[in-house]
Amino acid sequence: MTGLFSVAHLSQHHGLIIEGTGVSALGELPHDEVVDLFVRHGTLLFRGFDATADDFRELVQRFSEKLYFHQNPNRQTISDDGAVLLVDAHRNPIPAHSEMSYCPLHPGLQWFYCVRPASSGGATTVYDGVQALELLGAETRRLFEERRLTWRLPFPTGPEHQERVFGTRDRTELEKLFAEYRDFEYRFDDEGNLDWSYTVSAIPQAPYTDSRTLCNSYLGSGAVVAFEDGSPVPQHCRWDALDATEQVAVDIEWQPGDIAMIDNKRVMHGRRAFEDPERRVAAMLSMPNF
Ligand SMILES: [Fe+2]
């Protein structure tokens, strides 16, 4: 290594820890070398850099060409420019999912930053979908190979939410944007509310590899899902996907200042339950610049 950092495995089978050696700041890490490690490992945990919320924001910016802003008024902001938001305040466990993979906005990078870990529990979990797919029950794998999933939201998206999600509520601009999306169908009602459906494989091609990956929102999202022919996804698929993901789960046991960089198109994430109301973990989503 360059001496700017050292590396260690995050677990026996997935992820890499980039550890600060005390001689360099996060902002001095070589971009191309970090990218090379990221595409090989799928999850990087930056530890030992004493990162602040603004350091986190700068790191995200350095590896991204576009940020996705949640703009959720219920989420607390912790960076000077308001771009870094705490994750939702609930304490329940969350199964493996790929953020926003139920819609064409699906960001390439999922980021987390730990301000304060829970006193116990509350690990963020990561699941390499390439490994999980190898362990997926044969019947479920066959179904996912043969039939894609079609996603819908349970209620239409009003104009104010269109602005938040798509960056505009202007009909012409929205239609221009939607024309770029594949397998996306939509209609506006008379009040301008938007209904859409999006069809995508549950086991898409993983970026930077020759492999497919179990990477979707099937186990955890508020969206409505069925196979693209309209038939329901059989219940055994859920148990198979839970079983396969849990076998490859890696728990990120947070330390203050830790930053996780996750390939949101290959690796799913989730969370272990916790009780501590003082847990503070922030998230960002972005499109990679590599
Ligand atoms: Fe998530």
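## A first walk through the model

Let's start with a sheet: 4 strands line up in the order β10-β11-β9-β12, paired antiparallel, and the sheet is open. Keep in mind that this is a predicted model. At the edges of the sheet sit β10 (184-188) and β12 (224-227), and each of them pairs on one side only. Going from one strand to the next, the twist averages 15°.

Inside that sheet, β9 (residues 149-152) pairs with β12 through 4 bridges, in the antiparallel sense. If you want a spot to click on, try Arg152, which stands opposite Val224 in β12. As background, strands of a sheet pair through backbone hydrogen bonds, either parallel or antiparallel.

Now zoom out. How is the chain divided? There are two parts to look for: domain 1 (5-89 + 100-123 + 251-288) and domain 2 (131-244). The C-alpha centres of domain 1 and domain 2 are 24 Å apart. Where the domains touch, 13 residues come from domain 1 and 16 residues from domain 2. On the domain 1 side of that contact you'll find 5 nonpolar, 5 polar and 3 charged residues.

There is another open sheet to find, again of 4 strands, ordered β6-β15-β8-β13 with antiparallel pairing. Here β6 and β13 (250-252) have a single partner strand each, so one side of each is left without a neighbour in the sheet. On average, neighbouring strands of this sheet are turned by 20° against each other, ignoring direction.

Within this sheet, β8 (residues 124-128) and β13 run antiparallel and are joined by 3 bridges. One handy pair to look at is Val126 with its bridge partner Val250 in β13. A helix comes into the picture here too: α7 (residues 235-248) lies across β6, β8 and β15 (267-271), and runs at about 105° to β8.

Next, have a look at helix α2 (residues 53-62). Which of its residues are buried? They are Phe56, Arg57, Leu59 and Val60. Looking down the axis of α2, these buried residues fall within an arc of 160°, so they line one face of the helix. That fits a general rule: an α-helix has 3.6 residues a turn, so residues three or four places apart point the same way. As for what they pack against, the buried residues of α2 meet β4 (64-68), β7 (109-116), β14 (259-263) and β16 (280-288).

Finally, a pair of backbone oddities. Most residues other than glycine have a negative phi. Met100 goes the other way, with a positive phi near 55°, and Asp183, which is not a glycine either, has a positive phi of about 60°. Here they are side by side:

| Residue | Phi | Loop | C-beta neighbours within 10 Å |
|---|---|---|---|
| Met100 | near 55° | between β6 (94-97) and β7 | 18 |
| Asp183 | about 60° | between α6 (171-179) and β10 | 13 |

Are these residues buried or exposed? Neither label quite works: Met100 counts as partly exposed because it has 18 C-beta neighbours inside 10 Å, and Asp183 is partly exposed with 13 other C-beta atoms within 10 Å. The cut-offs behind that are simple: 20 or more such neighbours would make a residue buried, and 12 or fewer would make it exposed.

Definitions and conventions. Residues numbered from 1 in each chain as written. Predicted model: local features only at pLDDT ≥ 70, side-chain atom pairs only at ≥ 80, totals over all residues. Domains from an automatic or database assignment. Contact = placed C-beta atoms within 7 Å. Nonpolar A, V, L, I, M, F, W, Y, C, P; charged D, E, K, R; others polar. Pairing = 2+ DSSP bridges. Helix = DSSP H or I, 4+ residues; strand = E, 2+ residues; numbered from the N terminus. Axes fitted to C-alpha atoms, helices over the stretch in contact; angles between N-to-C directions. Arc of directions from axis to C-beta.
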